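Colleague: Please take a close look at one part for me, the ligand and its surroundings. Where does the ligand sit, and which residues surround the ligand?

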Amino acid sequence: MKQFKRIGVLTSGGDAPGMNAAIRAVTREAIYRGVEVMGIYRGYSGLIEGDIRPFGVRDVSNILNRGGTMLYSDRCPEFCTEEGMQKAVNTCREFEIDGIVAIGGDGTFRGANDLTAHGISCVGLPGTIDNDITSTDFTIGFDTAMNTAINLIDKLRDTCESHARCSVVEVMGRGAGDIALQTAIASGATAVAIPEIPFDADRAIDKIRTSHSLGKRTFIVIVSEGMGKEYSATLAKRIQEETGIETKFARFAHVVRGGDPTLRDRLLATLMGQRAVEELFLGNSNLVVCERAGSICTTEINYALTLDRMYKGKLAEGELSPYSQEQIADMHAIGERKRKLFEKLYSVVDRIGL
Ligand code: F6P
């Protein structure tokens with residue numbers, strides 16, 4: 001067991017519903033184990049500037065059910081410089097923080113990795129609506145974002161049915177189509193366009209035209225942000241021109257990033273937060289907490305980042321050399337499983353979204 005005097009908790013990058021639940025779990029689990037907790041505000045910017053306050057049990061009351069992050073968040077380019085990192089390390093020394101739980105996406109994990117190299121034990125929690133951390137099946141905030149999206153799409157469906165219209169809806173996700181794909185199934189979309197699978201717009205338009213001729217009045221098409229800036233607006237225009245169906249375009253953008261977390265996100269955040277503290281106490285560091293096949297587990301940050309780059313086809317030359325054949329095979333298997341899941345879900349939209 002490693003002895004800690006104080007641990008810090010921070011949220012960084014895009015906020016995600018459930019981050020508060022994670023902050024609460026980390027704080028209370030650490031206090032339960034007799035360690036002081038410091039809330040680090042505004043992510044790595046707050047760490048550099050010393051925007052830090054002590055947290056007691058009651059400081060994290062009534063946040064479990066709230067969206068956003070009570071610690072606020074930031075993207076901090078200064079932290080990527082050696083000078084910024086040195087300032088952050090000095091802050092840790094000044095506040096006697098010897099362990100940090102960092103909640104965020106891959107940028108947050110890169111920061112945690114660098115901090116670990118400078119002697120501060122760090123564990124990362126995947127907090128992003130995008131679900132684009134390949135080492136975990138679910139990220140904190142993903143479920144809520146999708147639930148918000150389907151609630152909004154249900155409302156669009158009502159008015160589409162009244163007026164016999166089509167709605168093209170763009171949802172966030174950066175380069176990942178996870179939100180779009182699952183939302184498309186759950187909202188009964190006719191078609192979904194995601195960056196991971198080539199989208200045949202002609203085929204989708206044909207499908208709409210045929211169903212329209214058979215009496216269908218409402219059409220929902222979901223487009224992932226990762227298809228490009230103008231893609232959804234252009235597709236909406238094409239659908240209207242080529243089918244004669246009045247087509248409206250809606251970009252949900254940040255709306256799906258706010259709101260109270262679902263039960264699933266509260267549970268995931270709580271279990272992951274608790275596990276992060278457990279790992280620190282076991283003397284483990286430089287880990288990401290994940291959920292795989294229904295179980296909470298951990299993976300090394302470097303491994304998680306490399307796995308991500310492998311999945312996204314962005315591996316740097318020689319990046320796999322530190323890993324054993326078995327680890328590399330595992331990475332391939334995880335990526336393959338995700339690709340297969342995507343293909344399966346995509347074909348569900350194709351067959352059932354009529
Ligand atoms: O990573 C979360 C996310 O909401 C992405 O889906 C989106 O592309 C991006 O952040 C938007 O970033 P910002 O909040 O800086 O506009």
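Modeller: The ligand sits in the largest pocket. Keep in mind that this is a predicted model. Take the pocket before the ligand. The largest pocket holds about 950 Å³ of space. Its lining counts 45 residues, and the closest to the pocket centre are Arg75, Asp106, Gly107, Asp132 and Arg174. Three elements give two or more residues to this lining: α4 (106-117), α10 (301-311) and α11 (325-352). Of the elements, α4 gives the most, with six residues. By class, the lining of the largest pocket splits into 18 charged, 14 polar and 13 nonpolar residues.

Now the shell around the ligand. From Arg75 the list runs to Thr128, Ile129 and Asp130. Met172, Gly173 and Arg174 also surround the ligand. Glu225, His254 and Arg257 complete the set. Five residues of this shell are charged, three are polar and two are nonpolar. Arg75 and Arg174 belong to the shell, and both are also listed among the residues closest to the pocket centre.

Next, the polar contacts. Asp130 places a polar side-chain atom 2.7 Å from an oxygen atom of the ligand. For His254, a polar side-chain atom lies 2.9 Å from a ligand oxygen. Arg75 has a polar side-chain atom 3.1 Å from an oxygen atom of the ligand. As for cover, the ligand on its own has 400 Å² of accessible area, and the protein covers 75% of that.

Key
Residues numbered from 1 in each chain as written. Predicted model: local features only at pLDDT ≥ 70, side-chain atom pairs only at ≥ 80, totals over all residues. Heavy atoms only, no water. Near = heavy atom within 4 Å. Polar contact = N/O pair within 3.5 Å; in protein donor to acceptor, adjacent residues only side chain to side chain. Areas by Shrake-Rupley, 256 points an atom, 1.4 Å probe, with all protein chains shown as cover. 1 Å grid on protein atoms, 1.4 Å probe; cavity = no way out; pocket = protein on both sides within 12 Å on 5 of 7 lines; lining within 4 Å. Sits in = over half its atoms within 2 Å of the grid points. Nonpolar A, V, L, I, M, F, W, Y, C, P; charged D, E, K, R; others polar. Points joined across faces, edges and corners; volume = space filled by probe spheres on them. Helix = DSSP H or I, 4+ residues; strand = E, 2+ residues; numbered from the N terminus.
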